[in-house]
Amino acid sequence: MIKGFTLKDWNIQALERDLPRLLTQCHTPLERHMVQTFHGKEICQLAEQLKSQGRLTPGGKAIAQKYGFKG
């Protein structure tokens with residue numbers, strides 16, 4: 001997770017918007033892959049939490065499904 005923040009501080013759209021910034025800080029293809037994988041897992045985890053609370057929006061669900069969310 002992004003340093004200093006918890007999942008409840010973020011929404012799915014904000015996490016996806018932050019991904020390009022994180023990828024620009026990567027120096028190797030391995031780092032890029034690790035960041036993309038970890039970020040996708042965070043998005044899916046947040047989507048699951050929001051779904052269980054009844055707060056998952058259709059837009060958030062669509063974004064999460066790009067990262068493997070099966071909700």
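# Briefing: an all-helical chain and its core

At 17% relative accessibility, Cys44 counts as buried. Cys44 sits in helix 2 and belongs to the largest nonpolar core. The model is predicted. The chain contains three helices and zero strands.

**Overall layout**

- Read from the N terminus, the elements run α-α-α.
- The chain has 71 residues, and 34% of them count as buried.
- Take the contacts between residues at least 6 apart in sequence: 55% of these join residues at least 24 apart.
- The chain exposes about 4900 Å². Carbon and sulfur atoms supply 57% of that area.

**The largest nonpolar core**

- This core has 11 residues in all. They are Ile12, Leu15, Ile43, Cys44, Leu46, Ala47, Leu50, Leu56, Ile63, Ala64 and Phe69.
- Helix 1 (12-24), helix 2 (29-53) and helix 3 (58-66) are the elements that give two or more residues to this core.
- Helix 2 gives the most, with five residues.
- Leu56 is one of the core residues. Beyond its neighbours within four places in sequence, Leu56 contacts Ile12, Ala47, Leu50, Lys51, Lys61 and Phe69.
- Of those partners, Ile12, Ala47, Leu50 and Phe69 are listed in the core along with Leu56.

**Helix 2**

- Helix 2 has 25 residues, which at 1.5 Å a residue should span 36 Å. Its end C-alpha atoms are 36 Å apart, so the expected and modelled spans agree.
- The buried residues of helix 2 are His39, Gly40, Glu42, Ile43, Cys44, Leu46, Ala47 and Leu50.
- These buried residues pack against helix 1 and helix 3.
- Ile43, Cys44, Leu46, Ala47 and Leu50 appear both in this buried set and in the largest nonpolar core.
- Gly54 follows helix 2, and its phi is positive, near 75°.

**His39 and its contacts**

- His39 is found in helix 2.
- His39 counts as buried because its relative accessible area is 2%, under the 20% cut-off.
- Not counting residues up to four places away in sequence, His39 touches Leu15, Glu16, Leu19 and Leu22.
- Leu15, one of these partners, is also a member of the largest nonpolar core.

**Cysteines**

- Where does Cys44 make contacts beyond residues up to four places away in sequence? Cys44 touches Ala64, Tyr67, Gly68 and Phe69.
- Ala64 and Phe69 join Cys44 in the largest nonpolar core.
- Cys44 and Gly68 are 24 residues apart along the chain, and their C-alpha atoms are separated by 7.1 Å.
- Cys26 also counts as buried, at 16% relative accessibility.
- How many disulfides does a search of the whole structure find? The search finds zero.
- A disulfide is a covalent bond between the sulfur atoms of two cysteines.

**The segment after helix 3**

- Lys70 lies in the segment after helix 3.
- Is Lys70 buried or exposed? Lys70 counts as exposed, at 78% relative accessibility. The cut-off for exposed is over 50%, so Lys70 passes it.
- Lys70 is 26 residues from Cys44 in sequence. Their C-alpha atoms are 8.6 Å apart in space.
- Across this pair, Cys44 is buried, whereas Lys70 is exposed.

**Helix 1**

- Asp18 lies in helix 1.
- Asp18 is buried, with a relative accessible area of 10%.
- The side chain of Asp18 makes a polar contact with the side chain of Arg21, at 2.8 Å.
- Leu22 has its place in helix 1.
- Leu22 counts as buried because its relative accessible area, 18%, is under 20%.
- Leaving aside its neighbours within four places in sequence, Leu22 is in contact with Val35 and His39.
- Leu22 and Arg32 are 10 residues apart along the chain, with 8.6 Å between their C-alpha atoms.

Note on methods. Residues are numbered from 1 along each chain as its sequence is written. This is a predicted model: local features need pLDDT of at least 70, side-chain atom pairs count only at pLDDT 80 or more; totals for chains, interfaces and linings use all residues. Side-chain values use heavy atoms; hydrogens and water are left out. A nonpolar core is a set of buried Ala, Val, Leu, Ile, Met, Phe, Trp, Tyr and Cys residues joined through side-chain atoms within 4.5 Å. Buried means under 20% relative accessible area, exposed over 50%, partly exposed in between (1.4 Å probe, protein chains only). Helices (H or I, at least four residues) and strands (E, at least two) are DSSP runs, numbered from the N terminus. Contact means heavy atoms within 4.5 Å. Accessible areas come from the Shrake-Rupley method with a 1.4 Å probe; for residues, only the protein chains shown count as cover. A disulfide is a pair of cysteine sulfur atoms within 2.5 Å. The expected span of a helix is 1.5 Å times one less than its number of residues. A polar contact is a pair of N or O atoms within 3.5 Å; within protein, one must be able to donate a hydrogen and the other to accept it, and residues adjacent in sequence count only if both atoms are side-chain atoms.
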